[in-house]
Amino acid sequence: MADNIVKTLKDIIRGSGLDPSKLTGDYATYMRGIETWLQTEHLRAITLEIYNPSTGGLIRRWDIDVRYDWASGDASFWMDTEQIKFALNKAGVAPSTAKYSIILDLKPGSPDVAGWGSCSYRSTEGMVRQSLGSTIEHNGLGASASYWRAAS
């Protein structure tokens, strides 16, 4: 599941016209955090913030909300890449100067993981959330994606 979440982040970064080298360069850190907190069921959501580095203002935001629907006998896996591609086409390419950061939202009491610390989200004021619904499913562990865009 962690591999598919990171692959989805990479697809969103590339589809937004951004360089995925920050993600791939810190791949081990991202995987260590996501895998640990999925296993302990502390991971609530993964957020990709695309922002203006000059102002710090949010340009676009992608959320992947995690669901723990474990049930005995579950043996399914799917990932809706077409849904992500459609949303990326609709959202459009970010400015070439844009940067991104990845934030993991954790339940209280989560174990510490090397390379991770606390941070805060950028404001979504003036933006609207577009839900894509279920995006990833693997043996009862699921994720739903959404993105934030400027309000019309």
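A residue is called buried when its relative accessible area is under 20%, exposed when over 50%, and partly exposed in between, with a 1.4 Å probe and protein chains only. The structure is a predicted model, in which local features need pLDDT of at least 70 and side-chain atom pairs count only at pLDDT 80 or more, while totals for chains, interfaces and linings use all residues. Residues are numbered from 1 along each chain as its sequence is written, and side-chain values use heavy atoms, with hydrogens and water left out.

A pair of aromatic rings is described by the distance of the centres and the angle of the planes. Rings of Phe, Tyr and Trp (its six-membered ring) were paired if their centres lie within 6.5 Å, with planes under 30 degrees apart counted as stacked, over 60 as edge-to-face and the rest as tilted. Three aromatic pairs result from this rule. The pair of Tyr-30 and Trp-116 is edge-to-face because the ring centres are 5.7 Å apart and the planes stand at 70°. Helices (H or I, at least four residues) and strands (E, at least two) are DSSP runs, numbered from the N terminus. Tyr-30 lies in helix α3 (residues 27-39) and Trp-116 in the loop between β4 (99-106) and β5 (127-138), so that the pair links distant parts of the chain, 86 residues apart. Tyr-30 is buried, at 8% relative accessibility, whereas Trp-116 is partly exposed at 21%.

Trp-116 also forms an edge-to-face pair with Trp-37, at 5.9 Å centre to centre and 75° between the planes. Because Trp-37 belongs to helix α3 and Trp-116 to the loop between β4 and β5, this pair ties together parts 79 residues apart in sequence. Trp-37 is buried, with a relative accessible area of 3%. Tyr-30, Trp-37 and Trp-116 are thus linked by ring pairs into a cluster.

A charge was taken to sit over a ring if NZ of Lys or CZ of Arg is within 6 Å of the ring centre and within 35 degrees of the ring normal. The charged end of Arg-122 sits over the ring of Tyr-51, 3.6 Å from its centre, and that of Lys-22 over the ring of Tyr-100, 5.4 Å from its centre.

Strand β1 (residues 43-51) has eight of its nine residues buried and is therefore largely enclosed by the rest of the structure. Two strands pair if DSSP finds at least two bridges between them. Eight bridges join β1 and β4 in the antiparallel sense, and Leu-48 has Ile-102 in β4 as its bridge partner. Strand β2 (residues 58-68) runs antiparallel to β1, with seven bridges between them; here Tyr-51 is matched with Leu-58 in β2 as its bridge partner. A hairpin is formed by β1 and β2, with six residues between them, and Gly-56 in the turn has a positive phi of about 80°.

A positive phi, near 60°, is also found at Glu-41, a residue other than glycine. Glu-41 is placed in the loop between α3 and β1 and is partly exposed, with a relative accessible area of 31%.
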